[in-house]
Amino acid sequence: LQPKVKSALTILFSAPILEAYGMTEVAGCISCTSRWERKGGNVGGILSCVRMHLKEINQVDTIVDAQQPIGELYLKGNSVMHGYYKNPELTKEVLDQDGWLKVGDVVKILNNGALEIVERVEEFKKLQSGQYISPLKLENIYIYAPMVSQICIDINPGSKFLIAIVV
């Protein structure tokens with residue numbers, strides 16, 4: 001949730017707005033902001049029922065040992081599923097050998113322990129030069145330009161450049 005939107009909703013409803021992050025495979029909620037969090041732009045800290053681990057994604061320049069680590073989110077805990085019912089192939093895709101659930105999101109851990117969702121791992125596209133780019137992240141930046149009403153960014157894997165259609 002953009003900080004401006006959160007601020008507007010807080011004023012509109014005269015109540016704190018909580019942001020939560022979750023998925024069915026973790027029995028719902030993974031993290032949640034506190035009622036005193038006014039800033040926005042993050043989904044709060046990890047709940048006590050799950051453990052978190054960040055793994056580096058080599059091609060995307062993630063750094064898990066930085067002051068604000070960035071990496072692919074993996075979860076484990078009592079609320080994390082043990083597998084998909086009668087679907088061992090799909091289970092092998094999302095659970096590693098140690099039982100960690102591959103969430104599929106790249107997250108940053110902020111100084112206060114809150115998570116900031118950076119992007120879905122599958123959204124990163126590779127240019128011919130080898131550089132990985134997130135079209136959605138670029139779209140979210142350029143959409144705020146005064147001259148831009150709509151934007152669509154696409155990357156052809158064999159291309160040197162990305163393509164942007166701007167209205």
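**Reading a predicted model: a tutorial dialogue**

Colleague: Let me begin with a cysteine. Into which class of accessibility does Cys-152 fall?

Modeller: Cys-152 counts as partly exposed, with a relative accessibility of 41%. Partly exposed residues lie between the limits of 20% and 50%. Please keep in mind throughout that this is a predicted model.

Colleague: Where does Cys-32 stand on that scale?

Modeller: Cys-32 has a relative accessibility of 29%, and it too counts as partly exposed.

Colleague: How many disulfides does the structure hold?

Modeller: A disulfide requires two cysteine sulfur atoms within 2.5 Å. The structure holds zero disulfides.

Colleague: Why does Cys-32 not form a bond with the closest cysteine sulfur?

Modeller: The closest cysteine sulfur to that of Cys-32 belongs to Cys-29, and the two are 5.3 Å apart, which is too far for a bond.

Colleague: Let us turn to the overall architecture. How many helices and strands does the protein have?

Modeller: There are three helices and eleven strands. Their order along the sequence is α-β-β-β-β-β-α-β-β-β-β-α-β-β.

Colleague: What extent does the protein have in space, and what percentage of its residues is buried?

Modeller: Along the principal axes, the C-alpha atoms fill a box of roughly 50 × 50 × 35 Å. The chain has 167 residues, of which 33% count as buried. The exposed surface amounts to about 10900 Å², and 54% of this is supplied by carbon and sulfur atoms.

Colleague: What percentage of the contacts joins residues 24 or more positions apart?

Modeller: Among contacts with a separation of 6 or more, such pairs account for 41%.

Colleague: How far apart are the mean positions of the positive and negative charges?

Modeller: The protein carries 17 positive and 18 negative charges, and their mean positions lie 4 Å apart.

Colleague: How should I read a sheet, and what order do β1, β2 and β3 take?

Modeller: In general, the strands of a sheet pair through backbone hydrogen bonds, in a parallel or an antiparallel manner. Here, three strands form an open sheet in the order β1-β2-β3, and the pairing is antiparallel. The edge strands, β1 (20–23) and β3 (45–46), each pair on one side only.

Colleague: How many bridges join β2 to β3?

Modeller: Strand β2, residues 28–32, is joined to β3 by two bridges, and these strands run antiparallel. In one bridge, Ser-31 has Ile-46 of β3 as its partner.

Colleague: Where is Pro-16, and which residues does it touch?

Modeller: Pro-16 sits in the loop between α1 (3–13) and β1. Leaving aside residues up to four places away in sequence, Pro-16 touches Arg-35 and Arg-38. From Pro-16 to Ser-34 the separation is 18 residues in sequence and 9.0 Å between C-alpha atoms. Pro-16 counts as partly exposed, at 30% relative accessibility.

Colleague: The backbone angles are my last topic. What sign does phi have at Ala-27, and where does this residue lie?

Modeller: Ala-27 has a positive phi, about 55 degrees, although it is not a glycine. Ala-27 belongs to the loop between β1 and β2. With a relative accessible area of 63%, Ala-27 is exposed.

Colleague: What is the phi of Lys-86, and is this residue buried or exposed?

Modeller: Lys-86 also is not a glycine, and its phi is positive, at about 55 degrees. Its place is the loop between β5 (70–77) and α2 (88–94). The relative accessible area of Lys-86 is 70%, so this residue counts as exposed.

Notes: Residues numbered from 1 in each chain as written. Predicted model: local features only at pLDDT ≥ 70, side-chain atom pairs only at ≥ 80, totals over all residues. Heavy atoms only, no water. Helix = DSSP H or I, 4+ residues; strand = E, 2+ residues; numbered from the N terminus. Buried < 20%, exposed > 50% of the residue type's maximum accessible area, 1.4 Å probe, protein only. Contact = heavy atoms within 4.5 Å. Areas by Shrake-Rupley, 256 points an atom, 1.4 Å probe, with all protein chains shown as cover. Lys, Arg positive; Asp, Glu negative; His and termini not counted. Charge placed at Lys NZ, Arg CZ, Asp CG, Glu CD. Pairing = 2+ DSSP bridges.
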